[in-house]
Amino acid sequence: MTTMAAFTDICQWSSFHCQPSLMVPRITCTGNWNHHGLSSSFSWKLFCPESASFKFSSSRRLVARRSYVPKKGIQVVSPNIGSQTLTIEFLNAWDDEYGGVIVDPESLPSSANAFASTLKASISNWKLKGKKGIWLKITLEQADLVPIAIQEGFLYHHAEPGYVILTYWIPNEPCMLPSSPSHQIGIAAFVINDKREILVVQEKCPCSCPGVWKLPTGYIDKSEEIFSGAIREVKEETGVDTIFLEMVAFRHAHLVAFEKSDLQFVCLLKPLSLEITVDEKEIQDAKWTTLDELVQQPFYQEDQMSKRVIEICMEAYENHYNGFIAHQLISKFDGKQSYLYYKETMTE
């Protein structure tokens, strides 16, 4: 009777009613699932030999039928003490700081069928617990699981080489999850030597400005400082070693590559070497040139922004303009050292 009462409690907790039956030992699950992973109709049958068994069902019409063997999670106990205890498996996950959960990507079932059933059960469990957003990372090796997650209502968030991030917003209200990264970060390097010669390059794929001599440019790598990216790009393209002096300006553009916004930071660098070694995989050519030769090109006569960048860089070089210096400070936000770019103050 104690076991029977415990089993009845499970039935009541699940909002199902019980009906005894005598059949061979097996479990079947019948259900109709919507795109959020909730069942509009659902029934289980648990059959145990020579003992009372139970049929679980909701009051709604049954549509689909499937077999399912639970693993771990909610325990379903037979009134026969000698029979095996069965459970429903949930995905391993941890809580985030905003009332949501982050699924452990290393714990995802390798079987598509196991993932589908476990994901459904987990979504229902998180809904009962009042969770909000679900973050799901699926690696390249697990790519066959992506369509299953999409079918359950997950949406693409962003992708990186080797994995994709999907999200699921539970509350029936506007989604509060942060959107995918919206910007790419680039640099332009103004390198001028003691002869007032400026380091310029010709792009290998010039697109809209063929043959133009321009400042070395590029994108910073993940977890790379802005000034470090400028130094690296100059070294990779031209072989010239430099040090960072200051950031003189930055440009903000929209709907550039991959429909992302683009931030480009203009950095003033001092050369430590003068010999040029062109990287033919990245650029067509490189040289040292005079200011007049640079700005007299038709491109700079027509492009107000590029012309103004050169003017500001020369003013900074001649100490008529103070740009932003990189100061390394510790932030309480993450407890780590990072760089704050600002102009020198009178007290420093």
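**View 1. Helix α2, tucked into the structure.** In this predicted model, 12 of the 17 residues of α2 are buried, so the rest of the structure largely encloses this helix. Among the buried ones are A114, F115, L119, I123 and W126. How far apart are the end C-alpha atoms of α2? They sit 24 Å apart, and that agrees with the 24 Å you'd expect for 17 residues (112–128) at 1.5 Å a residue.

**View 2. The two ends of α2.** Start at the N-terminal end, where S111 acts as a cap: one of its side-chain oxygens lies 3.3 Å from the backbone nitrogen of N113. Now hop to the other end: just after α2 comes G130, with a positive phi of about 80°.

**View 3. K131 and its neighbours.** You'll find K131 in the loop between α2 and β10 (133–139). Is K131 buried or exposed? With a relative accessible area of 19%, K131 is buried. The K131 side chain makes a polar contact with the side chain of D95, at 3.1 Å. Leaving aside residues up to four places away in sequence, K131 also touches others, including G99, V101, W126 and P171.

**View 4. A four-stranded open sheet and a helix packed on it.** Read across the sheet and the strand order is β15-β13-β17-β16, with mixed pairing. The edges are β15 (217–219) and β16 (242–253), each pairing on one side only. From one strand to the next, the twist averages 25°. Strands β16 and β17 (residues 261–271) run antiparallel, joined by 10 bridges; A253, for instance, has D262 in β17 as its bridge partner. Helix α7 (residues 304–317) packs on this sheet, touching β13, β16 and β17, and its direction makes about 150° with that of β16.

Notes
Residues numbered from 1 in each chain as written. Predicted model: local features only at pLDDT ≥ 70, side-chain atom pairs only at ≥ 80, totals over all residues. Heavy atoms only, no water. Expected span 1.5 Å × (residues − 1). Buried < 20%, exposed > 50% of the residue type's maximum accessible area, 1.4 Å probe, protein only. Polar contact = N/O pair within 3.5 Å; in protein donor to acceptor, adjacent residues only side chain to side chain. Contact = heavy atoms within 4.5 Å. Pairing = 2+ DSSP bridges. Axes fitted to C-alpha atoms, helices over the stretch in contact; angles between N-to-C directions.
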